[in-house]
Amino acid sequence: MKILVINGPNLNLLGLREPEIYGKEDYASLCAYIEAHCAERGVEVSIFQSNHEGAIVDAIQGAYGVYDGIVLNPAAYTHTSVAILDALKAVNLPAAEVHLTDVNSREDFRKISYARLACGATFSGYGFKGYNMAVDWLLNQVISINE
């Protein structure tokens, strides 16, 4: 199984950006955490991060025919990007949305998620563990589809 993990704007600044909210571990630690979990599960994973909406859309579109599923943390684009929603709908791959923090307990605008409309599951507020939960959810989805 092949999964693409996509991270949106400012996640490359983990450890620097509001560590009281997002924690003190850096982006490299997040990537290593995801890669280790995927290796344990026998999953091939690619991890992509961009601060640019169009690059994220391109990555989603490029996943078609290459990956079995997408784990997506759209970050700030969660609340604004119909383009990311439309790309997810177009490729129609199983997708899970991840947020490090519990977005529903934060500012009201963070409760809106366009991407969620095309994702089968959302893992919010679990920190790094949410990514592993999303990978495991995708594994179960793909196994169910192939049965």
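Aspartate 102 is placed in the loop between S4 and S5 of this predicted model. With a relative accessible area of 34%, aspartate 102 is partly exposed. Around it the briefing considers an open sheet of 5 strands, the helices that lie across the sheet, and a nonpolar core of 25 residues.

**The loop between S4 and S5, and serine 124**

- Apart from neighbours within four places in sequence, aspartate 102 is in contact with Ser124 and Gly125.
- Aspartate 102 and isoleucine 34 are separated by 68 residues in sequence, and their C-alpha atoms lie 19 Å apart in space.
- Serine 124 belongs to strand S5, and its relative accessibility of 17% makes it count as buried; aspartate 102, by contrast, is partly exposed at 34%.
- A polar atom of the serine 124 side chain lies 3.0 Å from the backbone oxygen of threonine 101.
- Beyond its neighbours within four places in sequence, serine 124 touches His99, Thr101, Asp102 and Val103.

**The sheet**

- The 5 strands of the open sheet follow the order S2-S1-S3-S4-S5, and their pairing is parallel.
- Strand S2 (44–49) and S5 form the edges, each pairing on one side only.
- From one strand to the next, the twist averages 20°.
- S1 and S3 run parallel and are joined by 5 bridges; within this pair, isoleucine 6 stands opposite leucine 72 in S3.
- S3 (residues 69–73) also pairs with S4 in the parallel sense, over 3 bridges, and here isoleucine 70 stands opposite alanine 95 in S4.

**Strand S3**

- Because 5 of the 5 residues of S3 are buried, this strand is largely enclosed by the rest of the structure.
- In a regular strand the side chains alternate between the two faces of the sheet.
- In S3, Gly69, Val71 and Asn73 point one way while Ile70 and Leu72 point the other way, and all are buried.
- Valine 71, not counting residues up to four places away in sequence, has contacts that include Ile3, Leu4, Val5 and Ile6.
- Also touched by valine 71 are Ala96 and Val98, together with Tyr131, Ala134, Val135 and Leu138.

**Nonpolar cores**

- The largest nonpolar core has 25 residues, and those with the most contacts inside it are Ile3, Leu11, Leu14, Leu30, Val71, Leu100 and Tyr131.
- At least two residues of this core come from each of strand S1 (2–7), helix H2 (27–41), strand S4 (95–99), strand S5 (121–124) and helix H5 (129–146).
- H5 provides the largest share of this core, with 6 residues.
- A second, separate core comprises 19 residues, among them Leu4, Val57, Tyr77 and Ala87.

**Helices across the sheet**

- H2 lies across S1 and S2, and runs at about 160° to S2.
- Helix H3 (residues 53–63) lies across S1, S2 and S3, and runs at about 170° to S1.

**Helix H4**

- The buried residues in helix H4 (residues 82–91) include Ile84, Leu85, Ala87, Leu88 and Val91.
- Viewed down the axis of H4, these buried residues fall within an arc of 165°, so they line one face of the helix.
- An α-helix has 3.6 residues a turn, so residues three or four places apart point the same way.
- The partners against which the buried residues of H4 pack are H3, S3 and S4.
- Lys89 and Ala90 are exposed, and are carried on the face of H4 turned away from its buried side.
- At the start of H4, the backbone nitrogen of alanine 83 has a side-chain oxygen of serine 81 within 3.4 Å.
- Just after H4, asparagine 92 adopts a positive phi of about 55°.

How values were computed:
Residues are numbered from 1 along each chain as its sequence is written. This is a predicted model: local features need pLDDT of at least 70, side-chain atom pairs count only at pLDDT 80 or more; totals for chains, interfaces and linings use all residues. Side-chain values use heavy atoms; hydrogens and water are left out. A nonpolar core is a set of buried Ala, Val, Leu, Ile, Met, Phe, Trp, Tyr and Cys residues joined through side-chain atoms within 4.5 Å. Buried means under 20% relative accessible area, exposed over 50%, partly exposed in between (1.4 Å probe, protein chains only). Helices (H or I, at least four residues) and strands (E, at least two) are DSSP runs, numbered from the N terminus. Contact means heavy atoms within 4.5 Å. Two strands pair if DSSP finds at least two bridges between them. Axes are lines fitted to C-alpha atoms, for helices over the stretch in contact, and angles run from 0 to 180 degrees between N-to-C directions. The arc is that of the directions from the helix axis to the C-beta atoms. A polar contact is a pair of N or O atoms within 3.5 Å; within protein, one must be able to donate a hydrogen and the other to accept it, and residues adjacent in sequence count only if both atoms are side-chain atoms.
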